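Biologist: I should like a close look at a single part of this structure, set in its surroundings. Would you choose one helix and explain, for a first-year student, what lies around it?

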Amino acid sequence: MMVVLSGLLAAGLAIGLPVGSAYADEPTDGTGAGTSATEVLDSLEVKGRAPKTGYKRTQFGKAWADVDHNGCDTRNDILNRDLTGVRHKWRTHNCVVKSGKLHDPYTGKDIKFKKGKKTSTAVQIDHVVALSDAWQKGAQKLSEESRTALANDPYNLLAVQGRANQKKSDGDAATWLPSNKGFRCEYVARQIGVKHKYSLWVTQAEKKAMAKVLSSCPTQTVPDYTGVKDSTAEKTTESEQTEQTQTEQSAEQAQQTQQTTQAPAPEPAPAPAPAPQPAPQQDVYYQNCTAARAAGAAPIYQGQPGYRSQLDRDHDGVACE
């Protein structure tokens with residue numbers, strides 16, 4: 001047994017793992033979660049901002065890709081997580097959010113969300129560490145797979161007020177902070193966690209701004225959860241969501257039924273006039289097919305006047321073919 005343990009320890013040291021990591025109870029997610037945000041900030045590399053040359057949104061994969069393969073795109077995943085009183089578009093398997101309410105962490109305001117061309121932008125999904133900022137601080141060196149993960153990582157995503165998101169743009173903590181001062185400590189701590197997870201650096205000005213925010217909350221740790229912990233925004237229970245969905249479906253079905261009932265039924269097309277029945281013919285007898293052809297009756301189908309089995313040589317129901 002001691003030989004096996006010694007072998008594992010030697011292997012761990014050989015590849016650079018810290019002693020004891022082979023026996024860790026839970027793997028780390030790389031964010032430094034639960035650790036002092038100030039300590040994790042001090043562990044980040046401080047460098048100047050790299051050129052933005054070559055930056056494109058596509059460098060971080062397809063926008064809102066379904067990276068977790070749950071059948072729902074990332075945008076709707078985050079809306080489902082962060083909004084309360086969520087109602088879904090019918091027949092989307094509780095994926096596409098039709099309406100709900102957001103308690104915006106950036107402004108502290110409550111915002112009603114309604115899906116639509118002119119209304120959806122009221123609530124937007126923000127990258128806590130903006131992709132352009134990430135690109136200029138180390139993401140250029142990441143693999144495409146890692147950049148796609150960064151862009152769709154729920155830890156780096158929050159549903160927020162659209163106007164606040166637009167004002168932030170690709171700013172870092174040195175150029176933009178939420179107007180909701182009560183959220184600034186958590187916001188900065190999450191940025192630190194994201195940068196630690198993806199090995200991104202900070203500029204000197206950025207680090208100074210983060211340290212200033214954290215000085216007002218020295219016990220702030222790096223968040224160990226996605227989303228925002230807010231006791232003032234009560235989440236709708238699963239049973240309430242199911243009831244709301246069923247109510248919505250019933251209402252839509254009733255509306256469709258009402259529209260169908262109110263719409264006048266189309267007048268049935270008049271039945272075509274019956275074809276004139278030929279006058280009943282008396283017994284018709286053709287001595288042979290020559291006579292039938294001379295009378296213009298050939299071919300004669302079984303059941304028609306003049307048909308006889310003797311004239312139907314191959315007995316296929318058609319005489320004098």
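Modeller: The buried residues of helix α7 pack against five other helices, namely α2, α4, α5, α6 (residues 162-168) and α8. Please keep in mind throughout that the model is predicted.

Let us begin with the helix itself. Helix α7 contains 14 residues, and the distance from its first C-alpha to its last is 20 Å, close to the 20 Å expected at 1.5 Å a residue. Of these 14 residues, 11 are buried, so helix α7 is largely enclosed by the rest of the structure. A residue is called buried here if its relative accessible area is under 20%. The buried residues form a run in the sequence that begins with C185, E186, Y187, V188 and A189. The run goes on through R190, Q191, I192, G193, V194 and K195. The list includes the charged residues E186, R190 and K195 as well as nonpolar ones such as V188 and I192. Just after the helix, S199 adopts a positive phi of about 55 degrees. For the chain as a whole, 38% of the 321 residues count as buried, and the chain holds 10 helices and 7 strands.

The next matter is the nonpolar core to which this helix contributes. In soluble globular proteins, nonpolar side chains tend to be buried together. The largest nonpolar core in this model has 37 residues, and Y106 and I192 touch the most other members. Two or more residues of this core come from each of α2 (37-43), α4 (131-135), α5 (144-152), β5, α7 (184-197) and α8 (204-214). Helix α7 provides the largest share, 6 residues. Apart from this core lies another, of 12 residues, which includes V97, I111, I125 and A159.

Y106 deserves separate attention. Neighbours within four places in sequence being set aside, Y106 is in contact with Y187, a buried residue of helix α7. Other contacts of Y106 include D126, V128, L158 and V160. Further along the chain, Y106 also meets A164, K168, W176, P178, S179, N180 and F183. Contacts between distant parts of the sequence are frequent in this chain: among those joining residues at least 6 apart, 66% link residues at least 24 apart.

Among the neighbours of α7, helix α5 may be examined next. Its buried residues are R147, T148, L150, A151 and N152. These residues pack against α7, and also against α3, β4, α4 and β5. Strand β5 (residues 157-161), which gives residues to the largest core, is mostly covered, with 5 of its 5 residues buried. Strand β5 pairs with strand β4 (residues 123-127) in the antiparallel sense over 5 bridges. Within this pairing, H127 stands opposite L157.

Helix α4 is another neighbour of α7, and S132 is one of its residues. With a relative accessibility of 5%, S132 counts as buried, because the cut-off is under 20%. Residues up to four places away in sequence being left out, S132 touches K52, Y55 and D170. S132 also helps to line the second largest pocket, as do Y55 and D170. This pocket has a volume of about 210 Å³. The elements that each give two or more residues to its lining are β4, α4 and α6. Strand β4 supplies the largest share of the lining, 3 residues. Two of these elements, α4 and α6, are also among those against which the buried residues of α7 pack.

Helix α3 (residues 74-82), one of the elements against which the buried residues of α5 pack, contains D77. With residues up to four places away in sequence not counted, D77 touches D68, N70 and C72.

To return to the starting point, helix α7 is largely enclosed, with 11 of its 14 residues buried. Its 6 residues in the largest nonpolar core are the largest share from any element, and I192 is one of the two residues that touch the most other members of that core.

Conventions. Residues are numbered from 1 along each chain as its sequence is written. This is a predicted model: local features need pLDDT of at least 70, side-chain atom pairs count only at pLDDT 80 or more; totals for chains, interfaces and linings use all residues. Side-chain values use heavy atoms; hydrogens and water are left out. Buried means under 20% relative accessible area, exposed over 50%, partly exposed in between (1.4 Å probe, protein chains only). Helices (H or I, at least four residues) and strands (E, at least two) are DSSP runs, numbered from the N terminus. Two strands pair if DSSP finds at least two bridges between them. Contact means heavy atoms within 4.5 Å. A nonpolar core is a set of buried Ala, Val, Leu, Ile, Met, Phe, Trp, Tyr and Cys residues joined through side-chain atoms within 4.5 Å. The expected span of a helix is 1.5 Å times one less than its number of residues. On a 1 Å grid over the protein atoms alone, a cavity is a set of points where a 1.4 Å probe fits but cannot get out, and a pocket is an open set with protein on both sides within 12 Å along at least five of seven lines; lining residues have an atom within 4 Å of a point. Grid points are joined across faces, edges and corners, and a volume is the space filled by probe spheres set on the points.
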